[in-house]
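The following paragraphs guide a new reader through the structure shown here. They begin with strand pairing and proceed to packing and charged contacts.

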Amino acid sequence: IVAPENVSITWRSGVGTAVAALRSFSEHGLSCDARAGGQRLCVGDTVDAEVSWRDEFTVRLRMTIRRSTKTSGGYALGANVVFREREGQRLWQAQIDASRHPYTRVGLALPGPIWDLFEKAGYFALSDKQPQDFARYRLEFDSVCETMAASETPGVQIVFPSARGLESSISVMVTFPETASLYHVARRPGADPRGISAKTVLRASYEHAISWIARSGVEWVSVWVQDITRFACGTHRDFAAAHADPKRACVLSFHALEIAARPRASFVPATQAWEVRLARESELPGVLRKFEEQYPAPLPVARAWSVSYLGVSKKPWRCAPRDRAVVVAVQAGDIKAAAILESTPLGTHLFGIFDTMHLARFERGDAATQPLLQFASDWYARRGKDHFVYASNEPARDVAGARDLGLTHDTIISSELLPEFLEHIWLMTA
């Protein structure tokens, strides 16, 4: 990216202070023109430097010279950079984003305009819902927006502002240690007041989201799409299916069944023969092996379904807050089925798809499903949830008390596929 005028870089050399004009910059590098005189930096030299950005702010970094070439007035340098302060890196990246993504913005707490966009885009009408179904989550949603804007959680909301409000919004959050989820995608109907096409709005929003994901360093990208959403299916489901590979991508299709969360005291026990409890540490390896066998790779890895993240001695999380549990249904001393329960704070996802139960069977038959659902219903109720989503192979008519939100596809792709995915976005929005 070409640097604006009046941006300089300063460092101390063996004979004093050197000042150069910044010519270009990138995520981890820069080039500059230094005047003749003083001690010339050579390839391999490392120095601490300060970049003064039009007297607006200063970025402190350490640069390692990778190129040093004589010019008529001095010499040109190319260097890799490491930031000495987190705030300096944030300001540097903001300048990159301003150049790469001139139409979109991040870091803005805009819960009101985003909510208004959801209403106008028809987002609240998906799965036969109504706007009033979401009103009770408004305060929690506002809080999540403010937290994301303040960078207090590993996530971002990307918005495309215009004179009439927001044209689009995409949320991205690191929901598992190595996985970013892209969700709450909405575009306002009608033409942008500036004449920018709807496809350009979507393309620009996705480009910014992909930049953020690439910068975050995660290994996987997850997106849930409903089968009735043509653009989302073409963008995510079809791309993941075309690149399906146990090490790179997969698609898990299921019925997203909404189940009411109710305290255990409100249930009539399915049968006294069942014991439903949290899995013991010694049982986890065998239980998780069933999930690996019954779910397409690399989904179990992307979901962090491992003893390292689900056992007693869990690895530290570098992702959004999340409660998790592995539950087993036992009959006559044998495990017949198991479930993994996931929960995120209220307001994180308005449709509750981050509050999900996945099931693995140890033998044929559905007898263990209802006891596990009852346990899950109580588990989510104790976390303040009104409902949760059961990722089911069966439609709602086969599960008592379920509301079918529709055929859904959970798509997983490796971050190594982001360049190809960006090209796919351009084809989809051409």
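**The sheet and its surroundings**

In this predicted model, Met-357 has Tyr-390 in β16 as its bridge partner. The strands concerned are β15, which covers residues 356–361, and β16, which covers residues 387–392; they run parallel and are joined by 2 bridges. In general, the strands of a sheet pair through backbone hydrogen bonds, in either a parallel or an antiparallel manner.

The wider arrangement may now be considered. The sheet is open and is formed by 11 strands, with mixed pairing, in the order β7-β8-β9-β10-β17-β11-β16-β15-β14-β13-β12. At its edges stand β7 (155–162) and β12 (274–278), each of which pairs on one side only. From one strand to the next, the twist averages 25°. Helix α9, made up of residues 369–381, packs on this sheet and touches β11 (249–260), β12, β13 (323–331), β14 (334–343), β15 and β16. The direction of helix α9 makes about 30° with that of β14.

The nonpolar interior comes next. The largest nonpolar core comprises 49 residues, and Phe-118, Phe-291 and Leu-350 have the most contacts inside it. Beyond its neighbours up to four places away in sequence, Phe-118 touches Tyr-123, Phe-124, Phe-141, His-184, Ala-186 and Leu-350. A second core, separate from this one, has 29 residues, among them Cys-32, Val-47, Ile-65 and Leu-77.

Phe-291 also appears in the surroundings of Pro-300, a residue of helix α7 (residues 299–302). With residues up to four places away in sequence left aside, Pro-300 touches Phe-291, Glu-292, Tyr-295 and Trp-305. Is Pro-300 buried or exposed? Its relative accessible area is 8%, which is under 20%, and therefore Pro-300 counts as buried. The C-alpha atoms of Pro-300 and Arg-289 are 9.7 Å apart, and these two residues are separated by 11 positions along the chain.

Charged contacts complete the account. Side chains of opposite charge can pair when their charged atoms come close. In the present structure there are 28 salt bridges. One of them joins Glu-167 to Arg-164, with the closest N and O atoms 2.6 Å apart. Glu-167 is buried, at a relative accessible area of 1%, whereas Arg-164 is partly exposed, at 27%.

Another salt bridge brings together the side chains of Glu-363 and Lys-336, at 3.4 Å from N to O. This pair links distant parts of the chain, 27 residues apart: Glu-363 is in the loop between β15 and α9, and Lys-336 is in strand β14. Glu-363 is partly exposed, with 42% relative accessible area, while Lys-336 is buried, with 16%.

A further salt bridge is formed by Arg-361 and Asp-366, whose closest N and O atoms are 3.0 Å apart. Why is Arg-361 classed as buried? Its relative accessible area is 17%, and Arg-361 is so classed because this value is under 20%. Asp-366, by contrast, is partly exposed, with a relative accessible area of 45%. Elsewhere, Glu-27, Asp-97, Arg-100 and Arg-215 are joined into one network by salt bridges that share partners.

Terms used. Residues numbered from 1 in each chain as written. Predicted model: local features only at pLDDT ≥ 70, side-chain atom pairs only at ≥ 80, totals over all residues. Heavy atoms only, no water. Core = buried A, V, L, I, M, F, W, Y, C linked by side-chain atoms within 4.5 Å. Buried < 20%, exposed > 50% of the residue type's maximum accessible area, 1.4 Å probe, protein only. Contact = heavy atoms within 4.5 Å. Helix = DSSP H or I, 4+ residues; strand = E, 2+ residues; numbered from the N terminus. Pairing = 2+ DSSP bridges. Axes fitted to C-alpha atoms, helices over the stretch in contact; angles between N-to-C directions. Salt bridge = Lys/Arg side-chain N within 4 Å of Asp/Glu carboxyl O.
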